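The following exercises ask the reader to work from coordinates to a description of charge pairing, packing and surface. Each task is followed by a solution in steps.

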Amino acid sequence: MKNKIRHNRPPLIRTIFSPRMLVAMLMGFSCGLPLLLTITVLQAWMKEEGVDLTVIGAMSLVGLPYTVKFLWAPLLDRYTLPFLGRRRGWMLMAQIALALSIAGLGMCAPRNHPWLLACSAFLVTFFSASQDIVVDAYRREDLSDEELGLGSSLCINGYRLGMLLASGGGLIMADFMAFRTVYLIMAACLLPGILTTLLAREPEITGERPRDLKTAVVEPLVEYFRRENALWILAFVLFYKIGDTMAMAMTTPFYLDIGFTKTEIGAVVKLFGTWATVGGGFVGGVIMLRLGIHRSLWVFGVFQAISVLGFAALARIGHSVAALSGVIAFENLSGGMGTAAYAAFMASITDRRFTATQYALLSSLMGIPRVLAAAPTGFLAKQFGWEGFFIVCTVMAVPGMLLLLKFAPWHPSAPSDVDNQFSNE
């Protein structure tokens, strides 16, 4: 049986360069582009227009749809629009509405009509979160279990490139043209995503779809909690990246405290680090084609923990651009691999009948440690010092790794045999 599985697995090169992987990356780009248009770029525009700092800070509330997107995800599982199919129909509608709302945001006057600006920004985040829901569901349904790892990594890399274009590119363009023009250009940058939606295939869904809205809301939860180890898996989603998250929350004060200049931080951490993360995501996706998702979670989890110890070593070394570059390279490579495996795992455990709802719930849950775990990091750094703080963050990675023993032990059989235990075809 194992030999048969390996024989049927598509060749590595063919998988990497398949049209489905290109679709995953382009859809990720469309999802990443809008995010910072309502944060970094909008804040810069409002500051330039002389908007009060209190109003600028309160504008962060427009990002609420990203946190509560699971509330309307059942609608996208239950209903199918009369064009392009269950997933592509909703995707096309969300993308067109998103492009129009970004253009509309650019037409606003931040100083004179801040409430209109807030409403326009809220529409951007709502349609952006809706696009995220459908893209995540589409990727799960379009890719096989063996392809999910690479597909997720390419989607994440596309997402990061979209964010980079919006924030870096948007701010650079704003030095040479009006913010209104910048937003119109960014709206036009969604055209590749729209074309991808029109040209991509609609996934084939096996199993009965939700019969009514009540089923679409209730059944995904019932189905999930009937599974063995359901609570352990939720705990894993919360804890797998908690050590890495805690460490990253305090890195900027850490760099400044040990003597790095803002230019050094920008060049090494932001520019070099971004491409190291993109590279890590791609490498992680290719490795997952061979190891499988569960084994990759073990390997990448260990790498993540070791990378946090690199910051403890940097605290002892002190100001050294070479040491910073080495630590950032390894941390961002391992972080990119871990994130790719993490996202692929969450997609792999969703039921294909309720992909949008279950993935939206899991991804919302994934965001909780970013807020709660980051809160006490300043206190811990003061109490233990920088070296002790990063050692504590490394120890915090241990519970997530131990949880893998409950539902994803390092199995001697072929990786595909193990990973399929949570598949719902």
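A salt bridge is taken here as a side-chain nitrogen of Lys or Arg within 4 Å of a carboxyl oxygen of Asp or Glu. With this criterion, a search of the whole structure, which is a predicted model, finds ten salt bridges.

**Exercise 1. Overall composition**

Determine how many helices and strands the chain has, and what share of its residues is buried.

Solution.
1. The chain has 24 helices and zero strands.
2. Of its 425 residues, 55% are buried.
3. Consider next the contacts between residues at least 6 apart in sequence: 84% of them join residues at least 24 apart.
4. The accessible surface of the chain is about 18,600 Å², and carbon and sulfur atoms account for 69% of that area.

**Exercise 2. Salt bridges and burial**

Apply the salt-bridge criterion to aspartate 77 and arginine 86, and decide whether each residue is buried or exposed.

Solution.
1. The N to O distance between the two side chains is 3.6 Å. The cut-off is 4 Å, so aspartate 77 and arginine 86 meet in a salt bridge.
2. Burial requires a relative accessible area under 20%. Aspartate 77 has 0% and is therefore buried.
3. Arginine 86 has 2%, so this residue is buried by the same threshold.

Now treat arginine 139 and aspartate 136 in this way, adding their position in the chain.

Solution.
1. Their side chains form a salt bridge with an N to O distance of 3.3 Å.
2. Both residues belong to helix 9 (residues 114-142), where they are three residues apart, about one turn of the helix.
3. Arginine 139 is buried because its relative accessibility is 6%, and aspartate 136 is buried because its value is 12%.
4. Salt bridges with shared partners also link Asp77, Arg86, Arg87 and Glu141 into one network.

A further pair is aspartate 244 and lysine 241, whose side chains meet in a salt bridge at 3.6 Å, N to O; both of these residues are buried.

**Exercise 3. The surroundings of threonine 355**

Identify the residues that threonine 355 touches, leaving aside residues up to four places away in sequence.

Solution.
1. Threonine 355 lies in helix 20 (residues 355-366).
2. With a relative accessible area of 0%, threonine 355 is buried.
3. The residues touched by threonine 355 are Asp77, Arg87, Asp136, Ala137, Arg140, Glu141 and Thr350.
4. Comparison with the salt-bridge network shows that Asp77, Arg87 and Glu141 occur in that network and in this contact list.

**Exercise 4. Nonpolar cores**

Establish which helix gives the most to the largest nonpolar core.

Solution.
1. The largest nonpolar core has 38 residues, and Phe236, Leu297, Phe345 and Leu404 have the most contacts inside it.
2. At least two residues of this core come from each of helix 10 (145-174), helix 14 (230-239), helix 17 (262-291), helix 18 (293-317), helix 19 (321-348), helix 20 and helix 23.
3. Helix 19 gives the most, with nine residues.
4. Leucine 404 touches Phe236, Leu297, Trp298 and Pro409, not counting residues up to four places away in sequence.
5. Another core, of 29 residues, lies apart from the largest one and includes Leu105, Ala174, Tyr183 and Ala187.

**Exercise 5. Aromatic pairs**

Classify the ring pair of tyrosine 224 and phenylalanine 225, and that of tryptophan 386 and phenylalanine 390.

Solution.
1. The count of aromatic pairs comes to 19.
2. For tyrosine 224 and phenylalanine 225, the centres are 5.2 Å apart and the planes stand at 90°, an edge-to-face pair.
3. Tyrosine 224 is buried at 7% relative accessibility, whereas phenylalanine 225 is partly exposed at 45%.
4. For tryptophan 386 and phenylalanine 390, the values are 6.1 Å centre to centre and 20° between the planes, a stacked pair.
5. The two residues of this stacked pair lie in helix 22, four residues apart, about one turn of the helix, and both are buried.
6. One aromatic cluster consists of Phe254, Tyr255, Phe260, Phe311, Trp386, Phe389 and Phe390.

**Exercise 6. A nonpolar surface patch**

Locate the nonpolar patch on the surface and state which helix gives the most to it.

Solution.
1. The patch is formed by Leu309, Ile391, Val395, Val398, Leu402 and Leu405, with about 520 Å² of accessible area together.
2. Helix 22 (377-396) and helix 23 (398-407) are the elements that give two or more residues to the patch.
3. Helix 23 gives the most, with three residues.
4. Isoleucine 391, in helix 22, counts as partly exposed because its relative accessibility is 40%.

Methods. Residues numbered from 1 in each chain as written. Predicted model: local features only at pLDDT ≥ 70, side-chain atom pairs only at ≥ 80, totals over all residues. Heavy atoms only, no water. Buried < 20%, exposed > 50% of the residue type's maximum accessible area, 1.4 Å probe, protein only. Contact = heavy atoms within 4.5 Å. Areas by Shrake-Rupley, 256 points an atom, 1.4 Å probe, with all protein chains shown as cover. Patch = residues over 30% accessible without salt bridge, like charges linked within 9 Å, V, L, I, M, F, W, Y side chains within 5 Å. Core = buried A, V, L, I, M, F, W, Y, C linked by side-chain atoms within 4.5 Å. Phe/Tyr/Trp six-rings, centres within 6.5 Å; stacked < 30°, edge-to-face > 60°.
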